[in-house]
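This report examines a structural model with attention to chain contacts, nonpolar cores and salt bridges. The sequence and the structure are shown first.

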Amino acid sequence: MEDELKRYLGSFGYPVIRQGSLAKDTSYPPTFFTFWNIEEAASYYDNQEAILSYDFDVNVYSTDPNTAYSLLDQARTLLKNNGWIIAQRGYDVASDEISHVGKGMRVIHLS
Amino acid sequence: MAVGGNRTGVKWNKGGALRRNKFRLDTSGIDDLVEKLDGLGGNIQKAVTQALEEAAETVQEDTKEAVKKAYLPAKGQYSGGDTEKSIVDNVKVEWSGTIGEVGVGFDKTQNGAGGFLITGTPRMAPDYKLEDIYVRKRYKSQIVESMKRVINEYITDAMEGRK
């Protein structure tokens, strides 16, 4: 499911990296996505695995706040159109660099 | 955490990650118990207050422990000391009509790395233990179970005539 998420986010043409993986001596790209796999949980029925839930954070960081807002919105639309569940419009996320703003959302896929 | 409707409710509010305004719990199981206690003439406010305050203390202690173990600098606005000081520690339920609230998590008006630790940054992965407390379902389920135990004690007392 991570590969699918990365594929969708990558379709916008910006770098997609795992949250926390950017080296200290590497500059932030002007605009980029990060993701983080919060958990993968299974629900059971009659001793059988019934539903698998994949829970991710998706964040956008950008030097341009409008880009961050707009890109997160576009990502939200694309993911929802492809079966992902997103209950929020987004929230602020912390940035290491004062030059960038961050916006994030939580996305879930059930299978 | 909110119990809706016209019944006495509980709410778990404030604190949490920079990006989230509420530490949300699924309290549907507690709603039913509160209704049962109400039907028995039990003291709902007392029961819910105790349940919330005990749960908040647990979250507070677990948060402090997680922050102590997190990799934070010794000085500066994201230091371990400042982050620990920003943990909400006023474990007192405030009632607004039929809704009780208690604050948990980090005080966003103070210095500290609480928000960073829970959401991570492009250069720092989220702190596993804090994410466990504030994001994942299992910990929250345990908190809700502990609250149910408190309210069940009040139900037992009410059934046995000890109100």
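The text below treats the interface, the cores, the salt bridges and some individual residues in turn.

**Interface between the chains**

The model is a predicted one. On the side of chain B, 16 residues are in contact with chain A, where 26 residues take part. Together the two chains bury about 1,800 Å², and carbon and sulfur atoms account for 47% of that area. Between chain B and chain A there are 14 residue pairs in polar contact, counting pairs in which both residues have pLDDT 80 or more. The side of chain B that touches chain A is made up of seven nonpolar, three polar and six charged residues. Two salt bridges are counted between chain B and chain A.

One of the salt bridges between the chains joins the side chains of B:Lys137 and A:Glu39, at 3.9 Å from N to O. A:Glu39 belongs to strand 2 of chain A. With a relative accessibility of 15%, A:Glu39 counts as buried, because the limit for that class is under 20%. Apart from neighbours within four places in sequence, A:Glu39 is in contact with A:Ser53, A:Tyr54 and A:Asp55 in chain A and with B:Arg136 and B:Lys137 in chain B. B:Lys137, by contrast, is partly exposed, at a relative accessible area of 42%.

**Nonpolar cores**

Which residues touch the most other members of the largest nonpolar core? That core has 38 residues, and the residues in question are B:Leu37, B:Val59, B:Phe106, B:Leu130, B:Tyr134, B:Met147 and B:Ile151. The elements that each supply at least two residues of this core come from both chains: strand 2 (31–45) from chain A, and helix 1 (28–39), helix 2 (44–69), helix 4 (114–119), helix 5 (128–134) and helix 6 (137–159) from chain B. Helix 2 of chain B gives the most to this core, with 10 residues. Separate from it is a second core of 18 residues, with A:Phe33, A:Leu71, A:Leu79 and A:Val107 among them.

**Salt bridges**

Over all chains, the structure holds 10 salt bridges. The pair of B:Lys137 and A:Glu39 crosses between chains, from helix 6 of chain B to strand 2 of chain A. The table sets this pair beside two others.

| Salt bridge | N to O distance |
|---|---|
| B:Lys137 and A:Glu39 | 3.9 Å |
| A:Lys103 and A:Asp92 | 3.4 Å |
| B:Arg138 and B:Asp132 | 3.5 Å |

The side chains of A:Lys103 and A:Asp92 form a salt bridge within chain A. A:Lys103 lies in strand 5 (residues 101–110) and A:Asp92 in strand 4 (residues 91–93), so this pair ties together parts of chain A that are 11 residues apart in sequence. A:Lys103 counts as buried at 11% relative accessibility, whereas A:Asp92 counts as partly exposed at 45%.

In chain B, the side chains of B:Arg138 and B:Asp132 meet in a salt bridge. B:Arg138 counts as exposed at 54% relative accessibility, while B:Asp132 is buried, with a relative accessible area of 7%. Both residues belong to a network of salt bridges that links B:Glu131, B:Asp132, B:Arg136 and B:Arg138. B:Arg136, a member of this network, is also among the residues in contact with A:Glu39.

**Further residues**

Is A:His109 buried or exposed? At 12% relative accessibility, A:His109 counts as buried. A:His109 is placed in strand 5 of chain A. Leaving out residues up to four places away in sequence, A:His109 touches A:Met1, A:Glu4, A:Leu52, A:Ser53, A:Tyr54, A:Asn82, A:Gly83 and A:Trp84. Of these, A:Ser53 and A:Tyr54 also appear among the contacts of A:Glu39.

B:Asp38 lies in helix 1 of chain B and counts as partly exposed, at 46% relative accessibility. B:Asp38 and B:Ala158 are 120 residues apart in sequence, and their C-alpha atoms are 9.6 Å apart in space.

Key:
Residues are numbered from 1 along each chain as its sequence is written. Chains are lettered from A and ligands numbered from 1 in the order in which they are written. This is a predicted model: local features need pLDDT of at least 70, side-chain atom pairs count only at pLDDT 80 or more; totals for chains, interfaces and linings use all residues. Side-chain values use heavy atoms; hydrogens and water are left out. Contact means heavy atoms within 4.5 Å. Buried area is the accessible area (1.4 Å probe) that two parts lose on being put together, summed over both. A salt bridge is a side-chain nitrogen of Lys or Arg within 4 Å of a carboxyl oxygen of Asp or Glu. A polar contact is a pair of N or O atoms within 3.5 Å; within protein, one must be able to donate a hydrogen and the other to accept it, and residues adjacent in sequence count only if both atoms are side-chain atoms. Ala, Val, Leu, Ile, Met, Phe, Trp, Tyr, Cys and Pro count as nonpolar, Asp, Glu, Lys and Arg as charged, and the others, Gly among them, as polar. A nonpolar core is a set of buried Ala, Val, Leu, Ile, Met, Phe, Trp, Tyr and Cys residues joined through side-chain atoms within 4.5 Å. Buried means under 20% relative accessible area, exposed over 50%, partly exposed in between (1.4 Å probe, protein chains only). Helices (H or I, at least four residues) and strands (E, at least two) are DSSP runs, numbered from the N terminus.
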